[in-house]
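Reader: Can you walk me through this one? I'd like to go through it piece by piece.

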Protein chains: 2
Amino acid sequence: MTFQKRAHKILELLETSGEVEIRQLATKIGVSEVTVRRDLTSMAANGLLYRTHGGAMKISDVIKPVSFANKAEVNLKAKDAICKRAAEDIVEGDVIFIDCGSTAFRLCQFIKDKKIKVITNSLPIVNELQHSAVTINLIGGEVDASRQAVHGTMAHEHIGRYQAAKAFLGVDGITAEGLYAGSEYEASNTLAMAAQTGCTYMLCDASKIGKTSYLKFNDLSIVNILITDYKGPEVNKFESKGISIYSVTV
Amino acid sequence: MTFQKRAHKILELLETSGEVEIRQLATKIGVSEVTVRRDLTSMAANGLLYRTHGGAMKISDVIKPVSFANKAEVNLKAKDAICKRAAEDIVEGDVIFIDCGSTAFRLCQFIKDKKIKVITNSLPIVNELQHSAVTINLIGGEVDASRQAVHGTMAHEHIGRYQAAKAFLGVDGITAEGLYAGSEYEASNTLAMAAQTGCTYMLCDASKIGKTSYLKFNDLSIVNILITDYKGPEVNKFESKGISIYSVTV
DNA sequence: TTAATTATGATTAAATTTGATCGAATTAAA
DNA sequence: TTTAATTCGATCAAATTTAATCATAATTAA
């Protein structure tokens with residue numbers, strides 16, 4: 001059994017089970033554990049898999065969770081409900097912007113089979129939609145590793161070249177007074193997308209409603225539709241500012 | 001039994017079983033193992049099969065899992081030697097272009113600790129350099145999932161905005177007549193980068209030298225330096241065209 | 001026919017691959 | 001935190017495969 005055959009077999013097993021153990025592989029393939037270990041080391045160096053103690057994992061299984069491991073856990077069900085509702089408004093042939101951030105990321109699972117074009121600056125979204133029916137336009141510019149997104153002047157200009165029917169945006173906080181962001185980068189990106197869009201959707205789980213953070217970057221005028229699981233009275237203030245509310249239940 | 005007849009038989013056997021062994025072939029065809037080995041070496045050089053220890057495999061079986069990742073396995077050591085030499089020319093503060101493709105990707109490991117700016121259209125490179133000392137500028141445009149890269153008009157314009165000291169490029173084939181690419185996307189990307197660069201480095205392992213593919217996209221005038229492990233006489237022709245040769249040993 | 005080129009086979013040194021062993025590093029448990 | 005158990009990486013030795021060299025046979029060209 002040559003290295004190539006073993007590599008093939010290992011990848012096959014990884015594809016189905018997501019992770020493998022060295023002892024498992026050694027007996028299943030019929031070589032020593034040392035050899036399996038060598039195979040895994042070499043394959044990991046080539047980016048074919050992710051090495052763990054005592055075995056290996058699929059690359060995709062390890063890259064995705066890492067990028068959003070912490071944030072994505074919070075209010076996951078609410079975010080999914082919000083994104084499911086958002087996806088209902090996306091129809092075949094649409095060109096849409098999707099913001100970076102953990103909420104907008106959850107939209108991916110609901111649009112995978114739609115024949116649409118997505119313009120985004122989020123690397124996890126690109127990863128997620130890569131082998132789907134969706135055509136992806138990635139915004140260029142400086143890569144911000146901590147946010148897993150692309151930002152900067154070039155990104156701005158890039159967005160300015162495009163026009164989309166809908167934009168799905170996220171913020172750090174929203175009150176009747178305006179929109180709050182966690183960083184200037186995120187703020188300017190959100191604004192740039194909104195400026196090039198016919199209809200903007202703000203995706204906010206209940207924790208964002210009424211919350212302020214250090215940077216208030218705009219009033220509510222750029223928001224057309226707010227999708228949220230929040231049921232309190234504050235939503236009336238948004239409606240009075242001309243925002244349509246899509247209320248979802250978790 | 002002529003070489004052509006043997007080659008035909010070997011391909012036939014490969015087609016049905018997916019893999020062959022040298023001893024097997026020697027008895028089945030009725031020639032010595034030395035001859036079979038020679039046949040396989042020659043056929044592998046022409047891309048008809050994939051050479052393994054003690055035999056050969058069908059190309060498609062080797063490439064199946066992930067096209068990019070498996071390409072990277074071919075001539076890995078040569079590519080690493082080439083990229084190591086290339087990295088020696090990269091100094092702190094440099095702004096460099098890096099092409100997409102399996103060869104240029106290997107450059108990442110040697111530049112992780114350098115304080116430089118990398119402009120690239122390759123998603124694997126972004127992933128690899130994400131949490132390193134390198135500042136990354138990602139070229140925007142249409143995402144080509146099969147090549148794991150960004151292409152198109154927007155990408156072109158993006159490249160045109162920048163100017164870099166060095167560009168590290170790859171091609172599918174190179175002869176004294178010119179450069180050959182596997183697709184128009186790759187060709188136009190390579191050209192665009194070369195146009196914005198002071199000094200272009202072409203990274204070519206031996207299998208690329210003298211090889212042509214369906215699209216000849218430019219003459220050699222855009223190449224300043226060729227780094228390769230190829231030792232044959234063809235390199236003199238490149239030198240006479242004004243290209244500096246950096247020869248590496250695997 | 002003869003000379004020159006090419007293809008094949010045998011031989012041998014170099015390179016790969018594999019498995020075993022052992023100290024170091026990592027993880028899990030107490 | 002300390003201890004015990006795995007796992008890892010490095011090094012070495014054995015077996016196999018490969019590449020290089022040379023001699024011989026077959027083919028081609030003059």
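Reader: Is F168(B) buried or exposed?

Author: F168(B) is buried, because its relative accessible area is 0%. Buried means under 20% relative accessible area, exposed means over 50%, and partly exposed lies in between, with a 1.4 Å probe and protein chains only. This is a predicted model, in which local features need pLDDT of at least 70, side-chain atom pairs count only at pLDDT 80 or more, and totals for chains, interfaces and linings use all residues. Residues are numbered from 1 along each chain as its sequence is written, chains are lettered from A and ligands numbered from 1 in the order in which they are written, and side-chain values use heavy atoms, with hydrogens and water left out.

Reader: How many aromatic pairs are there over all chains?

Author: The whole structure has 4 aromatic pairs over all chains. In the rings of F168(A) and Y201(A), the centres are 4.6 Å apart and the planes are at 25°, so this pair is stacked. Rings of Phe, Tyr and Trp (its six-membered ring) pair if their centres lie within 6.5 Å; planes under 30 degrees apart count as stacked, over 60 as edge-to-face and the rest as tilted.

Reader: Where in the chain do F168(A) and Y201(A) sit?

Author: F168(A) is in strand β9 (residues 164-169) of chain A and Y201(A) in strand β12 (residues 197-204) of chain A, so the pair links distant parts of the chain, 33 residues apart. Helices (H or I, at least four residues) and strands (E, at least two) are DSSP runs, numbered from the N terminus. F168(A) counts as buried at 0% relative accessibility, and Y201(A) counts as buried at 4%.

Reader: And what do F168(B) and Y201(B) form?

Author: F168(B) and Y201(B) form a stacked aromatic pair, with 4.6 Å centre to centre and 25° between the planes. F168(B) lies in strand β9 (residues 164-169) of chain B and Y201(B) in strand β12 (residues 197-204) of chain B, so the pair ties together parts that are 33 residues apart in sequence. Y201(B) is buried as well, with a relative accessible area of 3%.

Reader: Which residues do ring pairs link into a cluster?

Author: Ring pairs join F168(A), Y201(A) and Y246(A) into a cluster.

Reader: Switching to the DNA. Which residues are closest to strand D?

Author: DNA strand D is surrounded by 16 residues, and the closest are R23(A), R37(A), G54(A), R23(B) and G54(B). A residue is near a molecule or strand if one of its heavy atoms lies within 4 Å of it. These surface residues divide into 2 nonpolar, 8 polar and 6 charged. Here Ala, Val, Leu, Ile, Met, Phe, Trp, Tyr, Cys and Pro count as nonpolar, Asp, Glu, Lys and Arg as charged, and the others, Gly among them, as polar.

Reader: What share of the strand D atoms within 4 Å of the protein belongs to sugar or phosphate?

Author: Sugar or phosphate makes up 88% of those atoms of DNA strand D, and the rest belong to bases. A polar side-chain atom of R23(A) is 2.2 Å from a phosphate oxygen of DNA strand D. For an N or O atom in the side chain of R37(A), the distance to a phosphate oxygen of DNA strand D is 2.9 Å. G54(B) has a backbone N or O atom 2.6 Å from a phosphate oxygen of DNA strand D.

Reader: How many residues surround strand C?

Author: DNA strand C is surrounded by 16 residues, with R6(A), T35(A), R38(A), R6(B) and T35(B) the closest. Sugar and phosphate account for 67% of the atoms of DNA strand C within 4 Å of the protein. The side chain of R6(B) has an N or O atom 2.6 Å from a phosphate oxygen of DNA strand C, and a polar side-chain atom of T35(B) lies 2.4 Å from a phosphate oxygen of DNA strand C. The elements giving two or more residues to the surface near DNA strand C are α3 of chain A and α3 of chain B.

Reader: Different topic. Which side chain of opposite charge is nearest to K79(B)?

Author: That is D205(B), 4.3 Å away, and K79(B) is buried yet has no salt bridge. A salt bridge is a side-chain nitrogen of Lys or Arg within 4 Å of a carboxyl oxygen of Asp or Glu. Lys and Arg count as positive and Asp and Glu as negative; His and the chain ends are not counted.

Reader: What does the side chain of K79(B) make a polar contact with?

Author: The side chain of S102(B), at 3.2 Å. A polar contact is a pair of N or O atoms within 3.5 Å; within protein, one must be able to donate a hydrogen and the other to accept it, and residues adjacent in sequence count only if both atoms are side-chain atoms. K79(B) is in helix α6 (residues 76-88) of chain B.
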